[in-house]
Amino acid sequence: MKQENAVFDQVLKASPEEFIKTWVSEVAATGSVSGSAQNDARELFAAIQANIASDADLNRIDGDAWARTRSVLAALSQSRAAQGASAGDTNHFVMSIKKPLFDALQKDLGADARGALQAVWLASTLIDKLAQFTATTYQRSREDVIQRQQQELLELSTPVVKLWEGVLAVPMIGTLDSSRTQLVMESLLTRIVETGSELAIIDITGVPTVDTLVAQHLLKTVTAIRLMGADCIISGIRPQIAQTIVHLGIDLQGIVTKATLADALQLAMKKAGFVITRNKA
Amino acid sequence: MERIPILKMGRVLLVTIQVDLQDQVALGLQDDLSARIEQTGANGVLIDISALEIVDSFVGRMLASISGIATVLDATTVVVGMQPAVAITLVELGLSLEGVRTALNVERGMAMLAVDDRNRIDD
């Protein structure tokens with residue numbers, strides 16, 4: 001075993017229970033402590049101890065020898081990220097190991113100032129690296145969550161609804177960008193083929209702004225629908241948006257536009273040959 | 001060279017494209033079709049592209065030009081059964097096929113041509 005590993009091994013072996021207790025109380029003293037701190041500390045302690053005992057290089061935590069510690073840290077930061085703990089708290093938990101470790105080193109090497117300083121330096125860089133690794137993993141798992149939510153948002157906000165025999169509607173909600181338009185276009189066109197619908201209504205009541213780019217996306221969708229052999233009505237154009245469209249000089253010619261979804265449905269029924277009557281009581 | 005068959009059904013010519021169109025085949029179809037319209041005096045052309053999965057700008061342009069040629073020869077062209085992916089590709093290529101009539105399937109395309117034919121007689 002390398003000399004520095006032997007020093008740390010001895011320090012960790014001395015009184016594990018005491019070590020973990022100091023660690024957890026240090027976490028509690030300077031930050032919020034989660035319910036599983038005790039167990040997490042025990043698990044992480046065991047992993048670090050095992051890796052040091054197996055003569056892992058203290059300067060390179062990305063090596064195979066540190067695999068166990070890394071997997072414990074990864075699991076820790078993932079579960080904390082899922083529970084919504086802050087990055088600071090998660091990091092703080094790992095950093096707090098310095099307190100018991102330095103205490104123990106001082107007790108063991110107190111007389112030998114030179115040796116103690118070197119050991120502290122090694123311990124400090126090692127723990128910094130472990131904390132850095134935790135932060136990176138934490139951030140990555142948060143980013144995964146964000147990405148998944150974005151994907152879900154994308155799919156949630158674009159349902160294709162069947163309004164009547166041969167009439168489909170897409171209530172668009174949120175800002176229209178290229179990827180949204182692509183998704184809407186694909187799902188709408190697929191549904192047109194599946195249901196053999198000849199009319200599609202795109203309702204843009206939920207679209208907050210229409211600029212030239214959004215208009216271009218709408219035009220593309222309408223053209224694609226027409227190429228498939230179906231017709232398209234755009235509805236839900238609010239007065240504000242109508243004004244913007246005219247002021248920007250966007251050409252919506254050749255596209256049937258209606259103020260409300262009700263108007264669009266009425267037109268769709270008329271085109272499909274339905275007559276709406278009302279039986280008064 | 002491969003040729004796309006052209007079937008005559010009454011006053012309508014039916015073209016079903018079952019293979020991915022090579023440029024030469026597409027040009028051949030354009031020649032054959034214009035000759036057949038002239039021979040038969042057909043007033044409707046129905047092009048079924050439901051089996052077509054890959055298009056490029058050339059094929060897109062060819063569809064537009066076939067429609068243009070047919071119009072000059074006094075026949076209405078209807079393109080039917082375009083796949084969603086094909087429609088999206090054509091739009092992304094900037095080909096909106098203005099002046100080409102479209103329908104969801106052969107049945108509706110035929111109905112469209114029948115209405116068109118009746119209107120001609122009325123005129």
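**The side of chain B that touches chain A**

Modeller: Helix H3 of chain B (helices being DSSP runs of H or I with at least four residues, numbered from the N terminus) is followed by B:Gly94, whose phi is positive, near 85 degrees. This is a predicted model, in which local features need pLDDT of at least 70 and side-chain atom pairs count only at pLDDT 80 or more, while totals for chains, interfaces and linings use all residues. Residues are numbered from 1 along each chain as its sequence is written, chains are lettered from A in the order in which they are written, and side-chain values use heavy atoms, with hydrogens and water left out.

Colleague: Why is the pair A:Lys220 and B:Glu92 called a salt bridge?

Modeller: The term requires a side-chain nitrogen of Lys or Arg within 4 Å of a carboxyl oxygen of Asp or Glu; the closest N and O atoms of A:Lys220 and B:Glu92 are 3.2 Å apart, so the pair meets the definition. Across the interface of chain B and chain A the rule finds two salt bridges.

Colleague: What makes B:Ile88 and B:Val91 count as buried residues of H3(B)?

Modeller: Buried means under 20% relative accessible area (1.4 Å probe, protein chains only), and both B:Ile88 and B:Val91 are among the buried residues of H3(B). Those buried residues pack against helix H8 (178-195) and helix H9 (212-228) of chain A, together with helix H2 (57-72) of chain B, where contact means heavy atoms within 4.5 Å.

Conventions. Buried means under 20% relative accessible area, exposed over 50%, partly exposed in between (1.4 Å probe, protein chains only). Helices (H or I, at least four residues) and strands (E, at least two) are DSSP runs, numbered from the N terminus.
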